[in-house]
Amino acid sequence: DGFWIRDETQGNVDRYRVTYEQTHTVANGFRMLADVNVVSDCNFSGDFDRDLGRVSSPTILARLEMSRNYKWTSLNVRELRREQLFIGGDDLVQRSLPEIEWRGRPRRLGKSPLYFGFQSSVASLQQIGTQQALPIDADYWRADFFPEFSMPVSRWPWLDINPRVRYR
């Protein structure tokens with residue numbers, strides 16, 4: 001979906017909005033989700049759009065995700081770009097290039113009553129801001145591992161107790 005106009009009231013500038021959405025199953029059981037939005041300026045939606053959701057949100061989101069579920073784990077790889085538009089041209093752009101997430105649903109450890117699950121991720125993150133008062137230019141990596149041990153106890157059919165030990 002797209003819209004382009006040469007805006008003569010603003011001095012013959014090109015103004016546009018482009019939206020691309022797709023969900024697709026690709027090789028090896030991966031599922032792809034694409035949701036890409038591009039807008040020329042922060043006033044475009046207010047001047048031309050009739051969709052209240054777009055007009056009221058000063059955020060432009062673009063993402064591409066690949067995910068696959070395995071027997072007891074799942075893998076997600078995503079690239080995300082979020083642009084926060086401000087009146088006056090000061091913008092804030094946040095990106096993850098890429099973010100890889102691996103999760104494990106709780107699984108019983110052998111014949112013991114203990115279960116083990118986890119969440120983990122690694123990402124390259126970037127923030128760029130053009131605010132004149134406080135410019136931002138930050139690049140950093142983040143890694144996270146969040147294991148969980150649990151032991152469900154059900155002595156009575158009307159009461160479930162599931163103590164957990166987590167660490168982050």
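In the predicted model, R78 and E65 form a salt bridge in which the closest N and O atoms are 3.8 Å apart; the term denotes a side-chain nitrogen of Lys or Arg within 4 Å of a carboxyl oxygen of Asp or Glu. Because R78 lies in strand β5 and E65 in strand β4, the pair ties together parts that are 13 residues apart in sequence. Both R78 and E65 are buried, a class defined by under 20% relative accessible area, with exposed meaning over 50% and partly exposed in between (1.4 Å probe, protein chains only). This is a predicted model, in which local features need pLDDT of at least 70 and side-chain atom pairs count only at pLDDT 80 or more, whereas totals for chains, interfaces and linings use all residues. Residues are numbered from 1 along each chain as its sequence is written, and side-chain values use heavy atoms, with hydrogens and water left out.

The backbone also connects these two residues, R78 being the bridge partner of E65 in β5. Strands β4 (residues 59–69) and β5 (residues 73–85) run antiparallel and are joined by eleven bridges; strands are DSSP runs (E, at least two residues) numbered from the N terminus, and two of them pair if DSSP finds at least two bridges between them. Three residues separate β4 from β5 in the hairpin that they form. On to strand β6 (residues 91–108), β5 makes twelve bridges, again in an antiparallel arrangement. One of the residues involved is L85, whose bridge partner in β6 is D91.

Across the whole structure, 13 salt bridges are found. A network of them links R63, E65, R78, E99, E101, R103 and R142. Within this network, E101 pairs with R103 at 3.4 Å between the closest N and O atoms. E101 is buried, at 13% relative accessibility, while R103 is partly exposed, with a relative accessible area of 33%. A further salt bridge joins the side chains of E83 and R81 (3.1 Å, N to O). Here E83 is buried at 13% relative accessibility and R81 is partly exposed at 30%.

Six aromatic pairs are found in a search of the whole structure. Rings of Phe, Tyr and Trp (its six-membered ring) pair if their centres lie within 6.5 Å, and planes under 30 degrees apart count as stacked, over 60 as edge-to-face and the rest as tilted. F116 and F149 form a tilted pair, with 5.1 Å from centre to centre and 45° between the planes. This pair links distant parts of the chain, 33 residues apart, with F116 in strand β7 (residues 115–129) and F149 in strand β8 (residues 136–150). F116 is buried, at 18% relative accessibility, whereas F149 is partly exposed, at 38%. Ring pairs bring both residues into a cluster with W72, W102, F118 and F145.

At the surface, W4, Y16, V18, Y20, V36 and V38 form a nonpolar patch with about 540 Å² of accessible area together. Such patches consist of residues with over 30% relative accessible area and no salt bridge, nonpolar side chains (Val, Leu, Ile, Met, Phe, Trp, Tyr) being joined within 5 Å and like charges within 9 Å. Strands β2 (13–25) and β3 (31–39) are the elements that give two or more residues to the nonpolar patch, and the largest share, three residues, comes from β2. Y16 is found in strand β2 and is partly exposed, with a relative accessible area of 31%. A distance of 53 Å separates the C-alpha atoms of Y16 and N162, which are 146 residues apart along the chain.

Definitions and conventions:
Helices (H or I, at least four residues) and strands (E, at least two) are DSSP runs, numbered from the N terminus. Accessible areas come from the Shrake-Rupley method with a 1.4 Å probe; for residues, only the protein chains shown count as cover.
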